[in-house]
Amino acid sequence: MQDTTLIVKDSAGWKRQLSRAVRDPLELCRRLALDESLLPGAKGGHALFETCVPEAFLARITPADASDPLLRQVLPLSEETRAVSGFIDDPLEEAEQRPARGLIHKYHGRVLLIASPTCAVNCRYCFRRHFPYADNAPSRAQWLEALDYLRDDDSIREAIFSGGDPLAANDKQLAWLVDELEGIAHIKRLRIHTRLPVVIPDRVDDALLAWLSATRLQTVMVLHINHANEIDAAVVNACARLQKAGVTILNQSVILRGVNDSVAALEALSERLFEARILPYYLHVLDPVAGAAHFDVSDDEARELVDKLRERLPGFLMPRLVREIPGAPSKTPL
Ligand SMILES: *Cc1c(COP(=O)(O)O)cnc(C)c1O
Ligand code: SF4
């Protein structure tokens, strides 16, 4: 149990933890006692997409094991520098989908707001690894424009905070946005797509819980967890605090070679998620982004894994296997 002084210290703590994240591939390799042969590749990958691993996530990685499923998600590898045909910079063609700065409207009834251009961890397989982040941090005036867009379209019932990682933004900024959304009568739900409660569980602090529990909007959080080992006691505790504030928590994963490409790993993930009272939502196949081809699992193999998984889990612990196809009106079930 935490005493009060510790809670006060922690509530200022997530930003400090983020600013102290390991951002040097050499330090990452040293800290985890990895073989030196990995270093040149790590530097090559890092030059394309910078390394970022907060301590709280690093602590869940087994040292001296290059095949650790959490390490593989964050350690740059030489494979990233290899061009593979079909793997491109903007596989989702999102550059074309922006009616206003910071806003992506692709699906009926819900709109994605890029609430923060940065993340708390840089996932090597991320489809946004070539995303022009710097161009997409809207100013206050641009937010007002995006909000006008939402106000003018009463088919929009749900606002989705995305990024980057929206919870990398300040609570003051987020609370302002939520307040503005609450003023739009047809908006019923707020969804937050975030990895922060997983990589820095102290992000779920009093300031976050204050605006989350105060809003009239129904709130859904979609976490991003790919392996059971990501869920330690601190993550379970962070989720319990969110749930107590009325937040429904779901999880989406990406099927990744060498991370969770087995029935056993996917089964353990669903079981562990439910222990934290999180329900599996989507299992995405990899978007074909340049630099991530070594994570690819074919659609056929993914389907086969999920068919076997279905024989082992109750229906409510089965994620839906989907692909994102540019121009499609929803995620496409496989
Ligand atoms: C994935 C996504 C959504 C949410 O889709 P759901 O099927 O409702 O989870 C909304 N907008 C965009 C642009 C998306 O990529
Ligand atoms: S947290 Fe999400 S958006 Fe950020 S790098 Fe990881 S997968 Fe990409």
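This section describes the sheet, the helices packed on it, and the pocket and cavity of a predicted model.

The model contains an open sheet of nine strands, in the order S1-S2-S3-S4-S5-S6-S7-S8-S9, with mixed pairing. Its edges are formed by strand S1 (103-107) and strand S9 (332-333); each has a single partner strand, so one side of each is left without a neighbour in the sheet. At the S9 edge, strand S8 (residues 320-323) and S9 run antiparallel and are joined by two bridges. Here Val-322 is placed opposite Pro-333 of S9. Elsewhere in the sheet, S5 and S6 pair in the parallel sense, and five bridges link them. Within this pairing, Val-220 has Thr-248 in S6 as its bridge partner. S6 is mostly covered, with six of its seven residues buried.

Strand S3 contains Ala-159. The relative accessibility of Ala-159 is 1%, and the residue therefore counts as buried, the cut-off being under 20%. Apart from neighbours within four places in sequence, the contacts of Ala-159 are Val-111, Leu-113, Leu-181, Ile-187, Arg-189, Leu-190 and Arg-191. Gly-109 lies 50 residues from Ala-159 along the chain, and the C-alpha atoms of the two are separated by 8.7 Å.

Two helices were examined for their packing. Helix H10 (residues 206-214) has Leu-208, Leu-209, Trp-211 and Leu-212 as its buried residues. These buried residues of H10 pack against two strands, S4 and S5, and against helix H8 (171-182) and helix H11 (233-244). Helix H12 (residues 263-275) lies across strand S6 (248-254) and strand S7 (279-284), and runs at about 145 degrees to S7.

Empty space in the model was then considered. Rolling a probe the size of a water molecule over the atoms shows where such space is left. The largest pocket holds about 880 Å³ of space. Its lining comprises 44 residues, and those nearest the centre of the pocket are Phe-127, Arg-128, Ser-162, His-193 and Gln-252. Two or more lining residues are given by each of S1, strand S2 (110-114), strand S3 (158-162), strand S4 (189-194), strand S5 (218-224), S6 and S7. The largest share of this lining comes from S1, with four residues. By residue class, the lining of the largest pocket consists of 23 nonpolar, eleven polar and ten charged residues.

The model also has one cavity of 30 Å³ or more. The volume of the largest cavity is about 70 Å³. S6, H12 and S7 each supply at least two residues of the lining of this cavity, and H12 provides the largest share, four residues. The lining consists of Asn-251, Ser-253, Leu-266, Leu-269, Ser-270, Leu-273, Pro-280, Tyr-282, Leu-283, Leu-309 and Pro-319. Eight of the lining residues of the largest cavity are nonpolar and three are polar, with no charged residue. The elements H12, S6 and S7 thus recur in two settings: H12 lies across both strands, and these elements each contribute at least two residues to the lining of the largest cavity. S6 and S7 are also among the elements that give two or more residues to the lining of the largest pocket.

Terms used. Residues numbered from 1 in each chain as written. Chains lettered and ligands numbered in written order. Predicted model: local features only at pLDDT ≥ 70, side-chain atom pairs only at ≥ 80, totals over all residues. Heavy atoms only, no water. Pairing = 2+ DSSP bridges. Contact = heavy atoms within 4.5 Å. Axes fitted to C-alpha atoms, helices over the stretch in contact; angles between N-to-C directions. 1 Å grid on protein atoms, 1.4 Å probe; cavity = no way out; pocket = protein on both sides within 12 Å on 5 of 7 lines; lining within 4 Å. Points joined across faces, edges and corners; volume = space filled by probe spheres on them. Nonpolar A, V, L, I, M, F, W, Y, C, P; charged D, E, K, R; others polar. Buried < 20%, exposed > 50% of the residue type's maximum accessible area, 1.4 Å probe, protein only.
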